[in-house]
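Thanks for making the time. I will go through one model this morning, contact by contact and then space by space.

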Amino acid sequence: MLVEELFKFALFILVLALTYKLSGDRKISIVCASVVTLVIFGASHFQPNMGGWMRVVSDIIIRGVGSFFDFYAYLKTKNIWVSYFIHLFYDIIPC
């Protein structure tokens, strides 16, 4: 899970830098970087042998948008460990 959090963080910083360079607006850059990061994070959990297009939507919505809360915690605290522990808490909840 720590690798996933580091992946999200690195992707966020990369997209943030690119969008800030293009737009020059910090808030727009944060929103764009957050959306791109969460969609890519959700898509990275896609398992092609598990179903059709609804599975793709499910992975992007549930895992991508669902990880918004731990990502928001990172944005507020600037501490990746807070995001990691929230992610850990989500993963240990039985489904």
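I will start with a definition: a salt bridge here is a side-chain nitrogen of Lys or Arg within 4 Å of a carboxyl oxygen of Asp or Glu. This is a predicted model, and by that rule the count comes to one salt bridge.

Which side chains meet in that salt bridge? They are those of Lys8 and Glu5, at 3.3 Å from N to O. As background, side chains of opposite charge can pair when their charged atoms come close. Both residues sit in helix H1, and because they are three residues apart there, about one helical turn separates them.

Buried or exposed, then, for Lys8? Lys8 is buried, with a relative accessible area of 1%. Glu5 counts as buried too, at 3% relative accessibility; the cut-off for buried is under 20%.

Lys8 has another contact to report. Its charged end sits over the ring of Phe41, and the distance to the ring centre is 4.5 Å.

Next, the aromatic residues. A pair of aromatic rings is described by the distance of the centres and the angle of the planes. The count in this model comes to four aromatic pairs. One of them is Phe9 with Tyr74, which is edge-to-face, with 5.4 Å centre to centre and 80° between the planes. Phe9 lies in helix H1 and Tyr74 in helix H4, so this pair ties together parts that are 65 residues apart in sequence. Of the two partners, Phe9 is partly exposed, with a relative accessible area of 30%, whereas Tyr74 counts as buried at 12%.

Another pair is Tyr84 with Phe85. Their ring centres are 5.3 Å apart and their planes are at 65°, so this pair is edge-to-face as well; the cut-off for that label is over 60 degrees. Tyr84 counts as buried, with 18% relative accessibility, while Phe85 is partly exposed at 48%. Together with Trp81, Tyr84 and Phe85 form one aromatic cluster.

Now to the spaces, beginning with the enclosed kind. How many cavities of 30 Å³ or more does a search of the whole structure find? The search finds one, and about 60 Å³ of space lies in it. Its lining is made of Glu5, Lys8, Phe9, Phe71, Tyr74, Ile80 and Ser83. You will recognise both partners of the salt bridge, Lys8 and Glu5, and both rings of the edge-to-face pair, Phe9 and Tyr74.

Which helices supply that lining? Helix H1 (2–23), helix H4 (68–77) and helix H5 (80–92) each supply at least two residues. The largest share, three residues, comes from H1. By class, the cavity lining has four nonpolar, one polar and two charged residues.

Then the pockets, which are open. The largest pocket holds about 240 Å³ of space. Among the residues that line it are Lys8 and Phe41, along with Glu4, His45, Arg63, Asp70, His87 and Asp91. H1, helix H3 (53–65) and H5 are the elements that give two or more residues to this lining. H5 gives the most, with three residues. The classes here are three nonpolar, four polar and five charged. Lys8 therefore lines both a cavity, which a 1.4 Å probe cannot leave, and a pocket, which is an open set.

The second largest pocket has a volume of about 160 Å³. Phe12, Ile13, Leu16, Arg26, Ile30, Tyr74, Leu75 and Lys78 line it. H1, helix H2 (26–43) and H4 each supply at least two of these residues, and H1 gives the most, with three. By class, this lining divides into six nonpolar, no polar and two charged residues. Tyr74 is in this list, and Tyr74 also lines the cavity.

One last residue. Where is Ser44 placed? Ser44 is in the loop between H2 and H3. With a relative accessible area of 46%, Ser44 is partly exposed. The C-alpha atoms of Ser44 and Leu18 are separated by 21 Å, and the two residues are 26 apart along the chain.

To leave you with one residue to look at, I would pick Lys8. Lys8 is in the salt bridge with Glu5, its charged end sits over the ring of Phe41, and Lys8 is buried at 1%. That is all I have.

Note on methods: Residues are numbered from 1 along each chain as its sequence is written. This is a predicted model: local features need pLDDT of at least 70, side-chain atom pairs count only at pLDDT 80 or more; totals for chains, interfaces and linings use all residues. Side-chain values use heavy atoms; hydrogens and water are left out. On a 1 Å grid over the protein atoms alone, a cavity is a set of points where a 1.4 Å probe fits but cannot get out, and a pocket is an open set with protein on both sides within 12 Å along at least five of seven lines; lining residues have an atom within 4 Å of a point. Grid points are joined across faces, edges and corners, and a volume is the space filled by probe spheres set on the points. Helices (H or I, at least four residues) and strands (E, at least two) are DSSP runs, numbered from the N terminus. Ala, Val, Leu, Ile, Met, Phe, Trp, Tyr, Cys and Pro count as nonpolar, Asp, Glu, Lys and Arg as charged, and the others, Gly among them, as polar. Rings of Phe, Tyr and Trp (its six-membered ring) pair if their centres lie within 6.5 Å; planes under 30 degrees apart count as stacked, over 60 as edge-to-face and the rest as tilted. Buried means under 20% relative accessible area, exposed over 50%, partly exposed in between (1.4 Å probe, protein chains only). A charge sits over a ring if NZ of Lys or CZ of Arg is within 6 Å of the ring centre and within 35 degrees of the ring normal.
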